[in-house]
Amino acid sequence: MAKAKKPAEVKYGIEITKPHSQEMYDHNDMVAEEMKTNILNKWEALLNDLGHIGMEDDWTAICSSFDIVKLQKLVCFSGYGDGYTIGDVDTEFRNELDMMQNYACHSEYSYGCFSGLLPRTKFMMIGHGWSKHDYHMKGAENNTSPACYESIPCSKELDMEMANESENIQ
């Protein structure tokens, strides 16, 4: 007897495939952009909250329990000690965030959201498996992603509609 085929998993209107489909990449890129914007906004707010500490001050002037250090550790591979200014770490943080891969965003953002450091996103990334915390807004699992190709009107229908409209133009 033939083995029954497992039904395809669908999230946000997108079928989860291995390898990732272009639709999955588009969705994850959209979510990564939102995540990176949230992370950068939080970073800049935390820098502004440092008050009297300036960009030329030593990074070690900041207590390791402060949120800015926790956020830096989510994004950067290594920590920083003596010899690094806040400006040095800021530059490196922004470079690392810009180059951060989607799977790393998925994993690290989950921890950041779980700890209350980062806000929830509109959608979660798909196809990366386990995460510490569902970081999307409550009820978002029922939404359709803007990256879902099925949510875009069929081009054949649009072509027919445009053809009919152009025939009626005098």
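**Exercise 1. Which residues is S110 in contact with, leaving aside its neighbours within four places in sequence?**

Solution. This is a predicted model, where local features need pLDDT of at least 70, side-chain atom pairs count only at pLDDT 80 or more, and totals for chains, interfaces and linings use all residues. Residues are numbered from 1 along each chain as its sequence is written, and side-chain values use heavy atoms, with hydrogens and water left out.

Step 1. Find S110 in helix α4. Helices are DSSP runs of H or I with at least four residues, strands are runs of E with at least two, and both are numbered from the N terminus.

Step 2. List the partners. Contact means heavy atoms within 4.5 Å. S110 is in contact with C105, S131, K132, H133 and Y135.

Step 3. Check the accessibility. Buried means under 20% relative accessible area, exposed means over 50%, and partly exposed lies in between (1.4 Å probe, protein chains only). S110 has a relative accessible area of 0%, so S110 is buried.

**Exercise 2. Lay out the chain and its confidence.**

Solution. Step 1. Count the elements: the chain has five helices and two strands. From the N terminus on, the order is β-β-α-α-α-α-α.

Step 2. Read the confidence. pLDDT is the predictor's confidence in each residue, from 0 to 100. The chain averages 87, and 86% of the residues score at least 70. Among the elements, helix α3 (residues 86-99) has the highest mean pLDDT, 97. Helix α5 (residues 155-167) has the lowest, 61.

Step 3. Look at burial and contacts. Of the 170 residues in the chain, 34% are buried. Take the contacts between residues at least 6 apart in sequence: 59% of these join residues at least 24 apart.

**Exercise 3. Describe how α1 packs with α4.**

Solution. Step 1. Take the geometry. Axes are lines fitted to C-alpha atoms, for helices over the stretch in contact, and angles run from 0 to 180 degrees between N-to-C directions. Helix α1 (residues 22-48) and helix α4 (residues 102-114) pack at about 55°, with axes 10 Å apart.

Step 2. Name the arrangement. Under 35 degrees is roughly parallel, over 145 roughly antiparallel, 65 to 115 roughly perpendicular, and the rest oblique. Therefore α1 is oblique to α4.

Step 3. Give the hand. A crossing is left-handed if the near helix is turned anticlockwise from the far one by less than a right angle, and right-handed if clockwise. α1 and α4 cross in the left-handed sense.

Step 4. Name the contact residues. α1 brings N28, D29, A32, M35, K36, N38 and I39, while α4 brings N102, C105, H106 and Y109.

**Exercise 4. Trace what helix α2 packs against.**

Solution. Step 1. Helix α2 spans residues 67-75, and I68, V69, L71, Q72, L74 and V75 are buried there. These buried residues pack against α1, α3 and α4.

Step 2. Focus on α3. α2 and α3 pack at about 40°, and their axes are 9 Å apart. So α2 is oblique to α3. The crossing is left-handed.

Step 3. L71, Q72 and V75 of α2 meet V89, F93, E96 and L97 of α3.

**Exercise 5. Place Y149.**

Solution. Step 1. Y149 sits in the loop between α4 and α5. Its relative accessibility is 38%, so Y149 counts as partly exposed.

Step 2. Not counting residues up to four places away in sequence, Y149 touches Q22, E23 and D26.

Step 3. Compare sequence with space. Y149 and I14 are 135 residues apart in sequence, yet 8.1 Å apart in space, C-alpha to C-alpha.
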